[in-house]
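User: Please examine the structure below and answer a series of questions about it.

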Amino acid sequence: MGIEQHQVRAAELLHAAGILPVVTIHTLDQARAVSAALLEGGLPAIELTLRTPVAMEALAMLKRELPDVVVGAGTVLTVEQMQRSIDAGADFLVTPGTPPVLADALAAAPLPVVPGAATPTELLALYARGFRVCKLFPATAVGGLAMIKGVAGPIADLKLCPTGGITENTAAEYLEQKNVVCIGGSWMVPGNWIDAGQWDKVRESAAQAAKIVKRVRGH
């Protein structure tokens with residue numbers, strides 16, 4: 001399966017998710033509990049950031065213990081991290097930005113990839129490599145909705161997953177854009193809730209997010 005098929009699968013995964021929680025954890029127990037709470041709330045896919053020492057181990061554990069959760073490895077910065085994420089069983093990969101060496105490796109990766117970009121030039125460089133689904137990051141800092149609407153014309157068949165600065169209050173407006181396949185956010189998994197083990201709050205916030213997706217998309 002080549003990049004074209006993997007990109008179709010990436011679009012399917014993200015569209016099914018609608019809203020992708022960006023999760024940062026510090027223990028395996030946190031990873032287990034927060035993923036279960038999100039799933040119970042109606043958000044079946046997560047982007048697990050590789051920002052903590054336990055993240056890679058947590059990714060592998062989640063794939064073993066919670067097979068109903070679709071786990072993307074996020075904050076992939078290097079080819080080595082890409083390979084370790086694949087070995088750990090990630091369902092897809094997400095990068096915050098995509099320098100050429102990493103882009104070349106991701107284009108040959110054996111699974112769906114959502115490479116990050118912040119400018120039209122970066123998006124076009126990824127498009128030229130065959131990517132049709134990209135993460136726009138940091139979304140609100142680089143223009144938010146105005147940026148998304150601006151690139152919709154010249155790169156009409158490129159789907160975006162804007163992430164960074166989106167909130168529960170702005171989620172619907174982003175999801176309504178024709179070139180947005182999914183949005184990423186962390187408002188339903190703030191660090192203080194995770195640190196305090198407030199899984200009921202995570203579950204309730206996830207349920208509200210799932211309602212937004214259903215209201216906008218009908219699924």
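**Helix, sheets and cavity**

Analyst: This is a predicted model. Helix α2 (residues 28–41) has 14 residues, and from its first C-alpha to its last it reaches 20 Å, close to the 20 Å expected at 1.5 Å a residue.

User: Which residues of α2 are buried?

Analyst: Buried here means under 20% relative accessible area. By that cut-off, the buried residues of α2 are Q30, A31, V34, S35, A37, L38 and G41.

User: Why are these buried residues on the same side of α2?

Analyst: An α-helix has 3.6 residues a turn, so residues three or four places apart point the same way. On the other side of α2, D29 and E40 are exposed. The buried residues are on the same side of α2 because they cover an arc around the axis of only 160°.

User: Against which elements do the buried residues of α2 pack?

Analyst: Contact is taken as heavy atoms within 4.5 Å. The buried residues of α2 pack against two strands and three helices, namely β1 (19–23), β2 (45–49), α3 (55–65), α9 (191–196) and α10 (199–217).

User: What phi does G42 take?

Analyst: G42 is located just after α2. Its phi is positive, at about 110°.

User: Is strand β3 largely enclosed or open, and which strand pairs with β3?

Analyst: Four of the five residues of β3 (residues 70–74) are buried, so this strand is largely enclosed by the rest of the structure. A45 stands opposite V70 in β3. The pairing is parallel, runs over five bridges, and joins β3 to β2.

User: Which are the edge strands of the open sheet of three strands?

Analyst: The strand order in this sheet is β6-β7-β8, with parallel pairing. An edge strand pairs on one side only, which applies to β6 (116–117) and β8 (159–162).

User: Which residue is the bridge partner of K135 in β8?

Analyst: Strand β7 (residues 133–136) pairs with β8 in the parallel sense over four bridges. In β8, the bridge partner of K135 is C161.

User: Which helix gives the most to the lining of the largest cavity?

Analyst: The structure holds one cavity of 30 Å³ or more, and about 30 Å³ of space lies in the largest cavity. Its lining includes I3, H6, Q7, L106, A107 and F131. Both α1 (3–17) and α5 (100–107) supply at least two residues of that lining. With three residues, the helix that gives the most is α1.

Note on methods: Residues are numbered from 1 along each chain as its sequence is written. This is a predicted model: local features need pLDDT of at least 70, side-chain atom pairs count only at pLDDT 80 or more; totals for chains, interfaces and linings use all residues. Side-chain values use heavy atoms; hydrogens and water are left out. Two strands pair if DSSP finds at least two bridges between them. The expected span of a helix is 1.5 Å times one less than its number of residues. Buried means under 20% relative accessible area, exposed over 50%, partly exposed in between (1.4 Å probe, protein chains only). The arc is that of the directions from the helix axis to the C-beta atoms. On a 1 Å grid over the protein atoms alone, a cavity is a set of points where a 1.4 Å probe fits but cannot get out, and a pocket is an open set with protein on both sides within 12 Å along at least five of seven lines; lining residues have an atom within 4 Å of a point. Grid points are joined across faces, edges and corners, and a volume is the space filled by probe spheres set on the points.
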